[in-house]
Every structure is written in structure tokens, then in C-alpha cells.
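Visitor: I should like to learn how the features of a model such as this one are read. May we take them one at a time?

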Amino acid sequence: MLAYTYKDHGVFELTEKNKPKLLDSKDAIVRVTMSSICTSDLHIKHGFVPKAAPGVIVGHEMVGVVEEIGADVNKVKVGDRVSVNVETFCGECFFCKNGFVNNCIDKNGGWALGCRIDGGQAEYVRVPFANQGLNKIPDAISDRQALFVGDILATGFWAVRISEIKEGDTVLIIGAGPTGICTLLCAMLKNPKKIIVCEKDKTRRDFIKEHYPNVIVAEPENCIEIVNNESEHGGADVVLEVAGSEDTFQMAWMAARPNAIVTIVALYDKPMVLPLPEMYGKNLTFKTGGVDGCDSDEILSLIEQGKIDTTPLITHEFALQDIEKAYEIFENRLENVIKIAIVS
């Protein structure tokens, strides 16, 4: 089968690999019908993910059709259309039972697909713990509608859930990349009084203005001023940092009002530092972590009800054999790209 593979530092390559086989009674084999490229794939390519194994098939954002199941798989059956969760989790350990599935203690727990084990930028993928890792897609939902359920949409949903957004809040989202937009869509479900999105890229600012006209759009240069003008208590009630730079990390706490919640959604490529003496008295609550992606069934229900629509994010579509061109466009942000669908 065709598969896009992490060969070495800075090198991905489209290769022929063997179709995966069941290795455990809890596994499933999924025929990938659509996948996507994520910024985390670029982190692997450039060496920012030490756990990533050279030789692994990349890709952790995908939907497909169940081709084969192990004896202990009972949530899905052969022929079901499914979304694949970005995380692998056993469902039985302390962390899984408490909803902290990113911290699953199994050897394949957490982010495994497309990082430590073969992922889904291929024609087929083996999904461990399929009862937890696969979610049946309702007939009324297309592959394009479901494509981001198991990864960036799950990330946005988790981030909003732990941020405790209330009606009447002013919410600041820093970063309007694909994950930032998914976070915005999930924040809108909470009906806060105001949402401000800060983004440096004009194309992305224009995208927000076009698709979500009730959202206030700011640039980094005027973000804190706008937040202060639009908030009632000296800053945002909730800040979600989805951009992932040193400047945006600092902006997150600076734009927050005293006693606010600051949720760190972004993945950084180096340590960040909190200037605690300058922050003294703000009494902020920071929430961090990798996505606990255990809400996919609820997300699919919201899509089916028409309450979430991520299809505008898909600005480009390529066949799997043309994935190298897709990466070139995505990595270099060409042609006003937001997200790319890869059709197997």
C-alpha cells in the first residue's frame, strides 16, 4: 500500500509498505478514505517530537471504513464508517477511567498513531484499542464533516471544556490556525458575551471575518488594547493560547484579568518561562496538557445537529499519491491554505 513515511530528520517520503495486520484482539484495521495534514506532523518532520520513530507512517487525523476487527472489538463492525481518535487509550487504567486519556499508561497510550506506531497517511491503518479509538460516523455526516473529529476538533472541544467558559464571559483565543478555529467553534457553543480572536496572519484574520462575523478580530500589536476595551474587569475572563510562540505565551497571561483561567492548548518547541514576580497578584489559574480526546461521540452528535461545521476549513484536496505537493502547500502556507484533505 502507499504510505507517507518519516524517513529521517527533515525527510518524509511516499513509499510502498505492507498492509497492516491485526496484532491484538482489540485491534481494528481501517481502510483510510480521507486524512489530513496537521502541524504536529511538521513538528515530527523537523525533530521537535523526540518520541517519533523513524520509519513510522505519519498522520493521525483520518476517517475511513472498518476492514477487519479483532475478537474483542464490539463498538464497531466491519463496514462501519468511522473517525479515528488521535489518541490511543486502554479505557481501563486510572487515567482512562477518570477521563485523562492522554495519560493512558499502556505502552501505546497517548499520542501513538503517526508518531510511535504507523498512522493514517496511508491506504490502511491499524488502530489499537478500537473500542475506544474508533467512533461510528452517522450516515448523515460526510467524510469531510467528520475529518477533524478525532484530532483538532477534539482538541478544541477539550480545551473549551476545561476552560469553564460561562455566558457573560469575554473569551480571548490566541491563534486562528486550524486548531484555533476549532477551539473558536467549540467556544461559541458556550454562548459567551464576546469572543476575541488574535491572529497575525491576514489571510486567517480575513477567514474569521468572513465566516464568523460576530467574532472580534485583533492583531498581536493591538490585541491587549482591544481586550481591555471589550472587557469589563481589566482583561479576558478566559484565555486560550493556541498559537504556540514565546510572544503568544506571554500575551496569554498579560491579556487575562485577575483570577482568570488561562488554558494552554498549543505545543511549543522550547521551554516557556512565566515571570512570576510580574504576575504576582493576578491569581491566574493555568490549565495545560495534551488533548483528552474522549468526546468524539458527543462531537459527532453536535455535527449531526448542525451545531458544528468544520468543512470551511478544508481549502484544498489532494490524492494520496500527490501528498508531497500537499505538504509543500501546507508547510509554506501557500494559496491561502487552512487545511488539506488527502483522499486515499
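Visitor: How many bridges pair strand 4 and strand 5, and in which sense?

Guide: In this predicted model, strand 4 and strand 5 (residues 81-84) are paired by 4 bridges in the antiparallel sense. One can follow the pairing through individual partners: Met62 has Val84 of strand 5 as its bridge partner.

Visitor: Which strand is joined to strand 4 by 7 bridges?

Guide: That is strand 3 (residues 28-36), which runs antiparallel to strand 4 (residues 62-69). Here Ala28 is bridged to Ile69 in strand 4.

Visitor: Let us turn to salt bridges. How many does the structure hold?

Guide: There are 21 salt bridges in the structure. One of them is formed by the side chains of Glu331 and Lys45, at 3.1 Å from N to O. Because Glu331 belongs to helix 12 (residues 323-331) and Lys45 to helix 1 (residues 39-45), this pair ties together parts 286 residues apart in sequence.

Visitor: Are Glu331 and Lys45 buried or exposed?

Guide: A residue is called buried under 20% relative accessible area and partly exposed between that value and 50%. Glu331, at 27%, is therefore partly exposed, whereas Lys45, at 16%, is buried.

Visitor: Which residue forms a salt bridge with Arg81?

Guide: The partner of Arg81 is Asp143, with their closest N and O atoms 3.0 Å apart. This pair also links distant parts of the chain, since Arg81 is in strand 5 and Asp143 in helix 4 (residues 143-146), 62 residues apart. Arg81 has a relative accessible area of 24% and so is partly exposed; Asp143, with 19%, is buried.

Visitor: What is the accessibility of Lys77 and of Asp80, which form a salt bridge?

Guide: The closest N and O atoms of Lys77 and Asp80 are 3.0 Å apart. Lys77 is partly exposed at 48% relative accessibility, while Asp80 is buried at 6%.

Visitor: Which residues are linked in a network of salt bridges?

Guide: Lys19, Arg31 and Glu67 are linked in such a network.

Visitor: How is a pocket to be described, and what space lies in the second largest pocket?

Guide: One may consider its volume, then its lining. The second largest pocket holds about 190 Å³ of space. It is lined by 14 residues, of which Asn18, Pro20, Lys21, Asp118 and Arg126 are the closest to its centre. By type, the lining comprises 7 nonpolar, 2 polar and 5 charged residues.

Definitions and conventions: Residues are numbered from 1 along each chain as its sequence is written. This is a predicted model: local features need pLDDT of at least 70, side-chain atom pairs count only at pLDDT 80 or more; totals for chains, interfaces and linings use all residues. Side-chain values use heavy atoms; hydrogens and water are left out. Two strands pair if DSSP finds at least two bridges between them. Helices (H or I, at least four residues) and strands (E, at least two) are DSSP runs, numbered from the N terminus. On a 1 Å grid over the protein atoms alone, a cavity is a set of points where a 1.4 Å probe fits but cannot get out, and a pocket is an open set with protein on both sides within 12 Å along at least five of seven lines; lining residues have an atom within 4 Å of a point. Grid points are joined across faces, edges and corners, and a volume is the space filled by probe spheres set on the points. Ala, Val, Leu, Ile, Met, Phe, Trp, Tyr, Cys and Pro count as nonpolar, Asp, Glu, Lys and Arg as charged, and the others, Gly among them, as polar. A salt bridge is a side-chain nitrogen of Lys or Arg within 4 Å of a carboxyl oxygen of Asp or Glu. Buried means under 20% relative accessible area, exposed over 50%, partly exposed in between (1.4 Å probe, protein chains only).
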